[in-house]
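Reader: Could you take me through one part of this model up close, and then show me how the rest looks from there? Keep it casual, please.

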Amino acid sequence: MFSDNHGNLFPDRELARMVISTPATMMGWGDFLGTVQPGKLADLLVLDGTSKDPYTQLVEATERDVVAVLIDGRPRAGRAILLDPATLGVELLRVGGQDMVLDICDRGHPLDGMPLGTAISTLSHALEHLPDLAEQFLPQHELMSAASDRYVIHLDMDEDYAMGLMAGDVKIGRGDVDPMQLDPITEIDDGQFRTRIKKNTNIPAWLREAL
């Protein structure tokens with residue numbers, strides 16, 4: 001949208017490269033992924049349709065257009081007409097009105113045996129009961145900190161406040177958080193996603209209108 005609003009700064013091919021091959025090269029991973037070549041990991045996104053320029057089709061795609069996702073050559077998600085939903089270890093979900101098969105459970109992984117449905121239920125319950133969990137946080141934190149088998153938490157952020165919570169230096173309780181609701185995992189199935197974005201006071205007017 002930014003490119004379109006500023007006179008089509010970048011062709012769709014360049015926009016695709018910005019999120020695929022260019023970051024791979026910048027990270028030093030260009031020998032392993034970022035392009036489809038012999039010897040590289042077969043991380044592939046398969047989209048429906050052939051009527052448009054392939055890069056335009058990629059830029060304009062939504063979750064409804066996804067046919068399959070392969071990671072290192074293994075199908076991890078795909079339409080039920082391609083992947084057998086009866087396969088052991090996979091699960092079926094609806095995305096954009098279509099049945100999709102999801103294969104994300106690996107043997108030997110710490111999260112082996114936790115399907116997406118269980119993860120969604122766990123997160124939904126936790127967000128709904130945030131005040132209760134906050135009240136329990138410090139006692140549980142102290143018990144875990146005193147355990148002989150130390151645990152490590154990798155945060156998605158490096159904010160001082162969050163680090164203080166993990167260290168026990170910052171106190172948190174029931175009155176510090178409010179219950180929350182877990183958003184749908186796909187934008188195409190979240191009827192309020194764009195409405196919430198439009199209400200953000202920080203986005204420019206042209207983006208609000210485009211949404």
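Author: Let's start with Thr186, keeping in mind that this is a predicted model. Thr186 counts as buried because its relative accessible area is 10%, and buried here means under 20%. You'll find Thr186 in the loop between α7 and α8 (193-198). Setting aside residues up to four places away in sequence, Thr186 touches Glu63 and Val95.

Val95 is a handy way into the interior, since Val95 is one of the eight residues of the largest nonpolar core. The other members are Leu47, Val66, Ala77, Leu93, Met100, Leu102 and Leu116. The elements giving two or more residues to that core are β4 (91-95) and β5 (98-102). As a general matter, nonpolar side chains tend to be buried together in soluble globular proteins. Pick out Ala77 from the core and look at what surrounds it: leaving out residues up to four places away in sequence, Ala77 touches Val67, Ala68, Val69, Leu83, Met100, Val101 and Leu102. While you're in this region, have a look at the loop between β2 (66-71) and β3 (74-79), where Asp72 sits. Asp72 isn't a glycine, yet its phi is positive, at about 55 degrees.

Now go back to the loop we began with, the one between α7 and α8, which also holds Lys171. Lys171 counts as exposed, because its relative accessibility is 56% and the cut-off for exposed is over 50%. Beyond its neighbours within four places in sequence, Lys171 is in contact with Leu138 and Asp176. From the C-alpha of Lys171 to that of Met100, a core residue, the separation is 43 Å in space, with the two positions 71 residues apart in sequence.

The helix leading into that loop has buried residues of its own. In α7 (residues 160-167), Ala162, Gly164 and Leu165 are buried. They share one side of α7, because the arc they cover around the axis is only 160 degrees. Part of what covers these buried residues is α6 (130-145). Right after α7 comes Gly168, with a positive phi near 85 degrees.

Follow α6 next and you meet α5 (residues 116-128). The axes of α5 and α6 come within 5 Å and cross at roughly 80 degrees, so α5 is roughly perpendicular to α6. At their meeting point, Ala126, Leu127 and Glu128 in α5 meet Leu130, Pro131 and Leu133 in α6.

Stay on α5 for Thr122, which belongs to that helix. Thr122 counts as partly exposed because its relative accessibility is 45%. Its side chain reaches the backbone oxygen of Thr118 at 2.9 Å. Thr122 also gives us a link to the last stop: C-alpha to C-alpha, Thr122 and Thr35 are 37 Å apart in space, and 87 residues apart in sequence.

Thr35 has a partner in Lys40, as a polar contact of 2.5 Å joins their side chains. Lys40 is in the loop between α3 (21-26) and β1 (44-47). Outside its neighbours within four places in sequence, Lys40 is in contact with Gly30, Asp31, Phe32 and Leu33, as well as Thr35. Trp29 is 11 residues from Lys40 along the chain, and their C-alpha atoms are separated by 10.0 Å.

Definitions and conventions. Residues are numbered from 1 along each chain as its sequence is written. This is a predicted model: local features need pLDDT of at least 70, side-chain atom pairs count only at pLDDT 80 or more; totals for chains, interfaces and linings use all residues. Side-chain values use heavy atoms; hydrogens and water are left out. Helices (H or I, at least four residues) and strands (E, at least two) are DSSP runs, numbered from the N terminus. Contact means heavy atoms within 4.5 Å. A polar contact is a pair of N or O atoms within 3.5 Å; within protein, one must be able to donate a hydrogen and the other to accept it, and residues adjacent in sequence count only if both atoms are side-chain atoms. A nonpolar core is a set of buried Ala, Val, Leu, Ile, Met, Phe, Trp, Tyr and Cys residues joined through side-chain atoms within 4.5 Å. Buried means under 20% relative accessible area, exposed over 50%, partly exposed in between (1.4 Å probe, protein chains only). The arc is that of the directions from the helix axis to the C-beta atoms. Axes are lines fitted to C-alpha atoms, for helices over the stretch in contact, and angles run from 0 to 180 degrees between N-to-C directions. Angles under 35 degrees count as roughly parallel, over 145 as roughly antiparallel, 65 to 115 as roughly perpendicular and the rest as oblique.
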